[in-house]
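Grab the structure and work through the exercises below. Each one sets a task and then walks through a solution.

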Amino acid sequence: MSKRKLQRFEECETFNNLFQLGYFDLLSDFRMKGNWRKDYFKNDNPIVLELGCGKGEYTVNLAIQNPSINYIGIDSKGARLWRGCRNSIDNQLDNVAFVRTHIEQIEQLFAPGEISEIWITFPDPQLRKERKRLTCPRFLKHYRNILATDSLIHLKTDNIPLYDYTLRVIRSAGHKLLFHTNDLYGDDVQDVASSIQTFYEKMFLEQGMKITYLRFRLNHIE
Ligand SMILES: C[S@@+](CC[C@H](N)C(=O)[O-])C[C@H]1O[C@@H](n2cnc3c(N)ncnc32)[C@H](O)[C@@H]1O
């Protein structure tokens, strides 16, 4: 491991805005579950998640744009999260937290209805393993168990098979598709989906790839 990476891991241990939770830590509920507003953010504002946040571009930039909303970025990779934590501290953001963990354990982190919105930004497409895709029914069930009714889920991806797959999942489960485009920038969509670009997104755009985007609401009836 490089010296710089080691230094970042060490610095991660000192960040007050980062919770690093291994598999065994989340075999039972995390102490913040149901208490994030009261015990961490110290306000009653809604909480929005960015899943597979990497360097946390959505988390940080949305937090700057919307000081009265709380944001939590989740990823399993500490070196990437370091960047988001550092940027949040440098921008003096008190409406941001990051959690280093596996999204599979999300129900141990949040209580039913505690989350108001989810962004999934450039997830690994996992084309060989459907159950690992962050928009497969197994994951949507986890999200349903922590989301307030009528909450939005956003997906941005360069991966057309994942985009098409997610559209099929939404339609077959009767979730409510609110917007979709297979060419976010070609269609000149002017909203928050085009206003922030993540690390991976910039890479894909430089390679001339199209970016897809969709948003939907979960059907809360099983
Ligand atoms: C392709 S990167 C995208 C990162 C960032 N959203 C961006 O657009 O730059 C996918 C990220 O998802 C994270 N990830 C994938 N599956 C995960 C899981 N099950 N739990 C936690 N993180 C996961 C990876 O560690 C990686 O940082």
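**Exercise 1. Work out how enclosed strand 3 is, and how its residues are arranged**.

Step 1: count. In strand 3, 6 of the 6 residues are buried, so the strand is largely enclosed by the rest of the structure. Buried here means under 20% relative accessible area, with a 1.4 Å probe and protein chains only. Strands (E, at least two residues) and helices (H or I, at least four) are DSSP runs, numbered from the N terminus.

Step 2: sort by direction. Asn-70, Ile-72 and Ile-74 point one way, Tyr-71, Gly-73 and Asp-75 point the other way, and all are buried. In a regular strand, side chains alternate between the two faces of the sheet.

A note on the ground rules: this is a predicted model, where local features need pLDDT of at least 70, side-chain atom pairs count only at pLDDT 80 or more, and totals for chains, interfaces and linings use all residues. Residues are numbered from 1 along each chain as its sequence is written, and side-chain values use heavy atoms, with hydrogens and water left out.

**Exercise 2. Place strand 3 in its sheet**.

Step 1: get the order. The open sheet has 8 strands in the order 1-4-3-2-5-6-8-7, with mixed pairing; two strands pair if DSSP finds at least two bridges between them.

Step 2: look at the edges. Strand 1 (18–20) and strand 7 (176–181) each have a single partner strand, so one side of each is left without a neighbour in the sheet.

Step 3: zoom in on one pair. Strand 2 and strand 3 (residues 70–75) run parallel and are joined by 5 bridges. Val-48 has Tyr-71 as its bridge partner, while Leu-51 has Ile-74.

Step 4: see what lies across. Helix 5 (residues 137–144) lies across strand 2, strand 5 (115–121), strand 6 (147–157) and strand 8 (212–217), at about 140° to strand 6. Angles run from 0 to 180 degrees between N-to-C directions, with axes fitted to C-alpha atoms, for helices over the stretch in contact.

**Exercise 3. Is Thr-59 buried or exposed, and what is it in contact with**?

Step 1: Thr-59 sits in helix 3 and counts as buried at 1% relative accessibility.

Step 2: list its contacts (heavy atoms within 4.5 Å). Leaving aside neighbours within four places in sequence, Thr-59 is in contact with residues including Tyr-71, Ile-72 and Gly-73.

**Exercise 4. Do the same for Thr-181**.

Step 1: Thr-181 lies in strand 7 and is buried, with a relative accessible area of 2%.

Step 2: not counting residues up to four places away in sequence, Thr-181 touches Tyr-163, Asp-187, Val-189, Thr-212 and Tyr-213.

**Exercise 5. Describe the largest pocket**.

Step 1: size it up. The largest pocket holds about 590 Å³ of space. A pocket is an open set of points on a 1 Å grid over the protein atoms alone, where a 1.4 Å probe fits, with protein on both sides within 12 Å along at least five of seven lines; lining residues have an atom within 4 Å of a point.

Step 2: find the lining. Of its 26 lining residues, Gly-52, Asp-75, Ser-76, Asp-124 and Leu-134 lie nearest the centre of the largest pocket. Strand 2 (47–51) and helix 8 (199–206) are the elements giving two or more residues to this lining.

Notes. Grid points are joined across faces, edges and corners, and a volume is the space filled by probe spheres set on the points. Buried means under 20% relative accessible area, exposed over 50%, partly exposed in between (1.4 Å probe, protein chains only).
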